[in-house]
Amino acid sequence: MDLFANLALGFSIAFTPFNLLMAGAGVILGTLIGALPGIGPVSGVALLLPLTFGMSPTSGIIMLAALYAGSMYGGTITSVLINTPGESASVVTCLDGYQMALRGRAGPALGIAAIGSFIAGTVGVVLLMGMSPLLARWALSFGPPETFALMLLGLTTVTGLTGENAVKGYISMVLGLMLSMVGFDLISGDARYTGGINEMLDGVDFLPVAIGLFGLGEVLAGADQALRMEILNARYGLRDVLPSAADWARSRWAIVRGTVLGFVVGVLPGAGPTIASFLAYTVEKKVSRHPEEFGRGAIEGVAAPESANNAASAGAMVPMLTLGIPGSATTAVMLGGLMMWGIRPGPLLFEKNPDFVWGLIASLYIANVMLLVLNVGFIPVFVRALRVPYSILMALIVVFCITGAYSQNNKLWDVGQMLVFGVIGYGMKKLDYSPAALTLALVLGPLAERALRQALIISDSGVLILFQRPISAVLTVLALAAVATPVARALLASRGRRSPDPANA
Amino acid sequence: MRRADRVGAVLLLLFGVWFAAVALRYYTYWGATGPGSGFFPFWLGVAMTVLAAFLLVQAAREPDPGPAWIPRGRGAVRFLGVLGASVAFVALMPWLGMVLGTVLFLIVILRVLERHSWPTALGVAAGTAAVNWAVFTWWLRVPFPAGVLGF
């Protein structure tokens, strides 16, 4: 089957009424979640996972991927109008977006962000479509050593780039791996670390952990902060939102650069949309002929990062689908979802589940069109949603966390786990540990252990096998470098700088 | 935060040692064909011990006590209120059932804790319970505890 036949198959799946409905629900909820400060795409995906049990995996991933894309669009609205990022990938948009809004140009800022996001999102899916099968074919030759090295690289890069304290990031990662050891060992049949509790035999479930850390944990962390929001008044008619010819001339290359940069950064393990948006802004300021306008309402300063974060969110799907290694916290939670649905991400996914993969790809094209319409034509609707008090939103999220955690196995035990991880997530967030690294490790732990044990069984030189095969040697060395750099830096400088958590996108 | 880091580092260090010790004591480190069920956990325990030692050194050298992280005043009330109400909601679910539990939970949070007006609290509570019932009970067929009302 060639590309066009695959794509035709994808569109035939994406255009079924139910899948269209799910894509529509995903983009609307995603835009809302992106716009509302306090919950971002990770929380959104974790909270919506329980809903996907009632549908096929294809419809489920369509909704979650549409939500992820939507949150990248929606975050802009809050950045521009309130000067508070709706999610971490729109932090940098505040700089020039809010300045534009203060000068009465909120409309063009939101317009160029939506158009840039559409171009970047669509090109991102084209690149995703072209690149994934090639990467999957390459990865088919991977044996256990390469698989383990790849997981090691995925874990260490995500962790190393998280937060300001690398040691705490790695502690979070090891904690996640430890939690993944609980329950039956599939190779030997031993029950490990269960403390004699029957419920623990099945292990620490992914869903209650994800909902606890990113749902309840976020709510608790937000509960002791007073969010004051002043929304700038602006006009959002179609004519106010569409950028002028001059705006467009200034922005078009920024959008192109943001798209390319964003996609590349998104594909790399560990660097998601947040880092992409920061890099795109920096690059744009460097290449600009008038860098002094940045920070004072330069439209390129909105166009570039908003394009980059959308391209990156498409790029982050590439390693998740083809290698089973998520590139960001959101794709890590999605990966956990895939496994719960019984879908095994990795090189064989494209051969074994063509309707899943191509349905997803086709839906992403459709979702981007829907999002362009929503984010150009319906901005006032989302601005109104921002006026819902945080206290009401927070209470609703808690109810949703509890029902969602219950609905997977219909057991209160799971809800209890969710509550415990909610408190753990609160503590981790307050003390700069990384819930994202813990989640990723919990998902990858059993797979990494199995790959390592298989690699050691076929090896006659112990762990050195990781260095004896070229691909695994390169990956292992990269992973070790990823561990060594920030730990060394952290030990040299005992005091770190404050920065937003890039893995939260 | 500095004190939390010091205490946390010591606890994590002990946890790492315990984790590695359990792996060696109760599970097989190396079997007939290769690594057993204790191999990976043992090294995880070692890794945690080393990392926690790093953190301890880091926190011990830190001159700045850092920002306070435990919520106080209104923040603490909200934190404990939300957490307490959630725990009570879950603990009482077998008796209250999902629908009544949701309504009571939201009234406690919105009316008692957040001081919203009665109409707001009741409206949000009733609306959420209805949507929740429609999505989870009617569509996804999740068998929630029925409780005293029978639904």
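## Exercises on a two-chain model

In chain B, 60% of the contacts with a separation of 6 or more are made by residues 24 or more positions apart, a contact being a pair of residues whose C-beta atoms, placed from the backbone, lie within 7 Å. The model is a predicted one, in which local features need pLDDT of at least 70 and side-chain atom pairs count only at pLDDT 80 or more, while totals for chains, interfaces and linings use all residues. Residues are numbered from 1 along each chain as its sequence is written, and chains are lettered from A and ligands numbered from 1 in the order in which they are written.

**Exercise 1.** Describe the helices and strands of chain B, and decide whether chain B is spread out or compact.

*Solution.* Begin with the elements, where helices (H or I, at least four residues) and strands (E, at least two) are DSSP runs numbered from the N terminus: chain B has 5 helices and 0 strands, in the sequence pattern α-α-α-α-α. Next, compare its radius of gyration, taken over C-alpha atoms, with the globule rule, 2.2 Å times the number of residues to the power 0.38. The value for chain B is 24 Å, well over the 15 Å that the rule gives for 151 residues, so chain B is more spread out than a compact globule. Finally, the C-alpha trace of chain B spans about 60 × 50 × 20 Å along its principal axes, and 36% of its 151 residues are buried, meaning that 20 or more other C-beta atoms lie within 10 Å of their own (12 or fewer makes a residue exposed, anything in between partly exposed, with C-beta atoms placed from the backbone).

**Exercise 2.** Carry out the corresponding analysis for chain A.

*Solution.* Chain A holds 23 helices and 2 strands. Its radius of gyration is 22 Å, close to the 23 Å from the globule rule for 505 residues, so chain A is as compact as a globular protein of that length. The C-alpha trace of chain A extends over about 65 × 55 × 45 Å along its principal axes, 64% of the 505 residues count as buried, and 80% of the contacts between residues at least 6 apart in sequence join residues at least 24 apart.

**Exercise 3.** Examine helix H8 of chain A, asking how its length agrees with expectation and why it is described as largely enclosed.

*Solution.* H8(A), residues 166-181, has 16 residues and reaches 23 Å from its first C-alpha to its last, close to the expected 22 Å, a figure obtained as 1.5 Å times one less than the number of residues. As for its surroundings, 16 of the 16 residues are buried, so the helix is largely enclosed by the rest of the structure. After H8(A) comes Gly183(A), with a positive phi near 105°.

**Exercise 4.** Locate two residues other than glycine with positive phi, and state whether each is buried or exposed.

*Solution.* Asn410(A), with phi of about 60°, lies in the loop between H19 (390-407) and H20 (412-430) of chain A, and is exposed, with 11 other C-beta atoms within 10 Å. Arg141(B), with phi near 55°, is in the segment after helix H5 (118-139) of chain B, and counts as exposed with 10 C-beta neighbours inside 10 Å.

**Exercise 5.** Which helix gives the largest share of the side of chain A that touches chain B?

*Solution.* The contact takes 48 residues from chain A and 56 residues from chain B. Helices that each supply at least two residues of the chain A side include H8, H19 and H20, and the largest share, 10 residues, comes from H19(A).

Key. Contact = placed C-beta atoms within 7 Å.
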